[in-house]
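Me: Please take a close look at one part of this model, the aromatic cluster. Tell me what forms it and what surrounds it.

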Amino acid sequence: MPIAVSFSPSNEKSDRLFNNADNFAMIFDEAWKNYQSKKGENKLSQETKLNLVLDTIKDHPFLLGSPSIAKEVAKFRIRLLDLI
C-alpha cells in the first residue's frame, strides 16, 4: 500500500516554530533580512543590530531554551551568508 506524503513548497512560509537550531536559523535569517530592508541604520554596530533582531524573535523556543547557543548560531549565519 503506497504511503501518501505531502510536501510544502519551499517558498511557502510556515508559522510553525521548532526548538532546534535549523528552525531558529531560518527564522533568524528572515528577521535579519526584514530588519536590514526596513531600517537603514548602518551606523549601528553589528552587535546592536543583532540584539535588536533577536528581540524581534524573542519568543522562538530555541532562543528561549538556549539563548547563548542561539546567539552563536545567529552570528554564524551573519558570517556564513555575509549578512552584514
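Reply: Phe-24, Phe-28, Trp-32 and Phe-62 form one aromatic cluster. The model is a predicted one. The count of aromatic pairs comes to three.

Take the stacked pair to begin with. Phe-24 and Phe-28 are stacked, with 6.2 Å centre to centre and 25° between the planes. They sit four residues apart in helix H1, so about one helical turn separates them. Phe-24 is buried, because its relative accessibility is 0% and the cut-off for buried is under 20%. Phe-28 also has 0% relative accessibility, so Phe-28 counts as buried.

The next pair runs along the helix from Phe-28. Phe-28 and Trp-32 form a tilted pair, 5.8 Å centre to centre and with 40° between the planes. Both lie in helix H1, again four residues apart, about one turn of the helix. Trp-32 has a relative accessibility of 1%, so Trp-32 is buried too.

Phe-62 comes from elsewhere in the chain. Its place is helix H3. Phe-62 has a relative accessible area of 10%, so this residue is buried. Its C-alpha lies 9.7 Å from that of Ala-25, although the two residues are 37 apart along the chain. Leaving out residues up to four places away in sequence, Phe-62 touches Asn-19, Asn-20, Ala-21, Phe-24, Pro-67, Ile-69, Ala-70 and Val-73. Phe-24, a cluster member, is thus on the contact list of Phe-62.

Now widen the view to the nonpolar core. The largest one has 16 residues. Those with the most contacts inside this core are Phe-24, Phe-28, Leu-50, Leu-54 and Ile-57. Two of these names, Phe-24 and Phe-28, belong to the aromatic cluster. Helix H1 (21-38), helix H2 (46-56), helix H3 (61-65) and helix H4 (67-80) each give two or more residues to the core. H1 gives the most, with six residues. In soluble globular proteins, nonpolar side chains tend to be buried together.

Leu-54 ties into the stacked pair. Its contacts are Phe-24, Phe-28, Leu-63, Lys-71 and Ala-74, not counting residues up to four places away in sequence. Leu-54 is one of the buried residues of H2, and the others are Lys-49, Leu-50 and Val-53. They cover an arc of only 135° around the axis, so they are on the same side of H2. The cover over these buried residues includes H1, H3 and H4.

H4 supplies further neighbours. The buried residues of H4 are Ala-70, Val-73, Ala-74, Arg-77 and Ile-78. Their arc around the axis is only 140°, which puts them on the same side of H4. Ser-68 and Arg-79, on the other side of H4, are exposed. The cover over the buried residues of H4 includes H1, H2 and H3. Ala-70 and Val-73 are among the residues that Phe-62 touches, and Ala-74 is among those that Leu-54 touches. The helix itself has 14 residues. H4 reaches 20 Å from its first C-alpha to its last, close to the 20 Å expected at 1.5 Å a residue. After H4 comes Asp-82, whose phi is positive, near 50°.

Last, the setting. The protein has four helices and zero strands. From the N terminus on, the order of elements is α-α-α-α. Of its 84 residues, 26% count as buried. Among contacts between residues at least 6 apart in sequence, 59% join residues at least 24 apart. The exposed surface comes to about 6,400 Å², and carbon and sulfur atoms supply 54% of it.

To sum up the cluster: Phe-24 and Phe-28 are the stacked pair, Phe-28 and Trp-32 are the tilted pair, and Phe-62 belongs to the cluster from its place in helix H3.

Conventions: Residues numbered from 1 in each chain as written. Predicted model: local features only at pLDDT ≥ 70, side-chain atom pairs only at ≥ 80, totals over all residues. Heavy atoms only, no water. Core = buried A, V, L, I, M, F, W, Y, C linked by side-chain atoms within 4.5 Å. Buried < 20%, exposed > 50% of the residue type's maximum accessible area, 1.4 Å probe, protein only. Contact = heavy atoms within 4.5 Å. Expected span 1.5 Å × (residues − 1). Arc of directions from axis to C-beta. Phe/Tyr/Trp six-rings, centres within 6.5 Å; stacked < 30°, edge-to-face > 60°. Areas by Shrake-Rupley, 256 points an atom, 1.4 Å probe, with all protein chains shown as cover.
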